[in-house]
Amino acid sequence: MAQKKKLSEYRAKRDFTKTAEPSGAIDVLPAKHLRFVIQKHDATRLHYDFRLELDGVFKSWAVTRGPSIDPKDKRLAVEVEDHPLDYGDFEGTIPKGQYGGGTVMLWDRGFWAPVGGQSPEEQLRKGELKFMLAGEKLKGSWVLVKIKNDRTGSKRNNWLLIKHRDEGAHAGDEDAILSKDRSVASKRTMAQIAAGQGKGPEPFITRRRTAAKPDAVWHSNKDDDADDPAPAPQSTKPLKRTLVHKAPKKAKSVAARADTSSNAVLGITISHPDKVLWPAGEGPAITKIDLAHYLEATGDWMLKHVTGRPCSVIRAPDGIGGETFFQRHAMKGMSSEIDLVRISGDREPYIEANSVEALIALGQIASLEFHPWNCAEFEPDIAGRLIFDLDPAPDVEFDRVVRAANELRERLEALGLVAFCKTTGGKGLHVVTPLKTTRADTTSWSDAKSFSGAVCQQMAADSPNDYLIKMTKKLRTGRIFLDYLRNDRMATAVAPLSPRARPNATVSMPLTWSKVKKGLDPKRFTMHTVPALLKKMTAWEDYDSSARSLKSAIKKLIGS
């Protein structure tokens with residue numbers, strides 16, 4: 001249980017259906033000495049991940065320029081979340097769009113031991129850890145020193161990694177050690193690892209007896225501009241929702257909602273309110289407090305489509321210019337305003353945003369996008385809506401996407417369904433149809449996916465030069481990908497009015513069909529413009545009364 005808490009942040013930041021990174025579930029070999037690994041990581045910025053085994057996990061630091069064997073050369077080491085021990089055998093590629101996306105090499109590994117009379121835990125608490133390394137590349141005495149200004153109150157835990165003067169030191173040759181640039185586990189270069197070539201990495205920590213496959217390279221099969229990660233294959237066992245934590249009920253006063261004089265929005269304190277999340281572009285920069293006020297203004301409307309559904313978020317702690325990651329599960333220290341639910345088949349609780357305060361609390365931890373499941377409210381095993389994602393190739397004009405949305409609307413209406421449209425906040429459009437969820441009307445998720453796939457297949461077959469249902473990039477030129485994969489258990493789609501972690505802070509904007517016409521510009525819907533538009537918006541007013549039976553639509557489709 002203690003280890004589970006230590007790894008909660010690590011697991012919350014990763015979608016293990018999309019990345020080959022270890023989850024911490026694999027047994028590791030016992031060792032007489034503490035182990036260390038250093039992984040060269042070509043992510044947003046090239047750096048070296050320095051990991052020391054302690055108390056059943058890897059204490060981890062990102063060394064921005066890599067370790068130096070020159071004692072005068074102090075290297076910045078930013079403390080990050082604890083990693084599982086089986087991560088010490090990971091070498092491969094994290095897919096784009098996932099946290100830390102990029103190629104990972106096992107650059108060095110071996111054993112370490114603390115130096116001095118105090119325990120390593122006590123040394124870390126005091127901000128100075130002295131230790132010995134016995135690796136294939138790094139050897140001798142080292143020290144990690146926490147930067148004094150960061151010992152209290154700083155969001156980032158910055159340390160310095162310094163080589164002590166001994167036989168392993170080499171003054172004046174600060175980067176000499178980094179020239180030894182092959183994996184200690186597979187003898188491969190970064191390029192070979194990225195290409196899945198050469199010998200797989202030999203295990204050092206896990207009980208696996210053979211090397212991992214060299215082509216264990218995981219890439220996202222969606223475009224970089226895709227709406228959100230596609231779901232993995234799922235069990236057909238019924239999903240059950242169990243409430244783990246319920247946010248306390250609070251009286252919402254009009255005065256509290258109107259108060260913009262402090263760094264508290266609806267009672268949620270916003271730390272670092274002036275932190276820029278979206279830099280200035282076509283409009284002014286948007287800060288963390290701006291995001292909180294946006295969620296306050298739009299939250300009641302958003303909740304109609306988010307409440308009672310597990311909600312994944314895209315977080316960007318350093319703004320859209322830094323690293324972003326897709327978070328499905330709750331993590332240690334989350335605000336009590338956020339409901340936590342457990343879905344059968346998964347031990348880790350999911351996030352639910354069932355109040356405006358919960359949305360703001362998620363904004364406080366730099367959640368820039370909200371991606372709820374498409375199930376019925378509080379019923380994860382029942383399809384609550386169908387979503388068709390019209391995703392154009394880069395060379396397709398947006399007016400063609402508009403025509404596609406109107407054609408899809410006609411096809412759905414011919415089958416007895418009511419269609420709605422919204423921008424994605426990117427380069428496409430979503431066509432959405434609400435479903436009846438009474439006992440007599442519910443259908444299985446497999447039927448929902450099969451139905452939506454059949455509609456898209458018919459549309460693509462009728463106009464093969466305009467549409468396709470395979471996401472293969474080489475086939476995309478000049479065509480629109482009709483993505484029906486949102487219509488599956490546990491799949492997500494960006495919520496109406498959710499911001500996007502993209503330049504100019506575009507928003508997924510609900511539209512009336514009269515607006516879905518030639519000349520529609522999705523870029524005009526941003527966090528700057530939407531709150532004012534929302535006050536006079538009539539789009540989707542009849543959404544709740546427009547739910548129709550999918551069973552009836554399936555019968556019409558089969559008979560057509």
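1. The second largest cavity in this predicted model has a volume of about 60 Å³. Its lining comprises 13 residues, and those closest to the centre are Arg385, Ile387, Lys422, Val494 and Pro496. By character, the lining residues of this cavity divide into nine nonpolar, two polar and two charged. A search of the whole structure finds three cavities of 30 Å³ or more.

2. As to the overall fold, the protein chain contains 11 helices and 27 strands. Of its 560 residues, 55% count as buried. Where contacts in the chain link residues at least 6 apart in sequence, 68% of them join residues at least 24 apart.

3. Helix α11 spans residues 550–559, and within this helix Leu550, Ala553, Ile554 and Leu557 are buried. These four lie on the same side of α11, because they cover an arc of only 100° around the axis. The general geometry is relevant here: an α-helix has 3.6 residues a turn, so residues three or four places apart point the same way. On the other side of α11, Lys555 and Gly559 are exposed.

4. Which elements do the buried residues of α11 pack against? Their partners are β22 (385–392) and α9 (445–462). The residue numbers of β22 begin at 385, and Arg385 is among the residues closest to the centre of the second largest cavity.

5. The start of α11 also deserves attention. There, a side-chain oxygen of serine 549 comes to within 3.3 Å of the backbone nitrogen of lysine 551.

Definitions and conventions: Residues are numbered from 1 along each chain as its sequence is written. This is a predicted model: local features need pLDDT of at least 70, side-chain atom pairs count only at pLDDT 80 or more; totals for chains, interfaces and linings use all residues. Side-chain values use heavy atoms; hydrogens and water are left out. On a 1 Å grid over the protein atoms alone, a cavity is a set of points where a 1.4 Å probe fits but cannot get out, and a pocket is an open set with protein on both sides within 12 Å along at least five of seven lines; lining residues have an atom within 4 Å of a point. Grid points are joined across faces, edges and corners, and a volume is the space filled by probe spheres set on the points. Ala, Val, Leu, Ile, Met, Phe, Trp, Tyr, Cys and Pro count as nonpolar, Asp, Glu, Lys and Arg as charged, and the others, Gly among them, as polar. Buried means under 20% relative accessible area, exposed over 50%, partly exposed in between (1.4 Å probe, protein chains only). Helices (H or I, at least four residues) and strands (E, at least two) are DSSP runs, numbered from the N terminus. The arc is that of the directions from the helix axis to the C-beta atoms. Contact means heavy atoms within 4.5 Å. A polar contact is a pair of N or O atoms within 3.5 Å; within protein, one must be able to donate a hydrogen and the other to accept it, and residues adjacent in sequence count only if both atoms are side-chain atoms.
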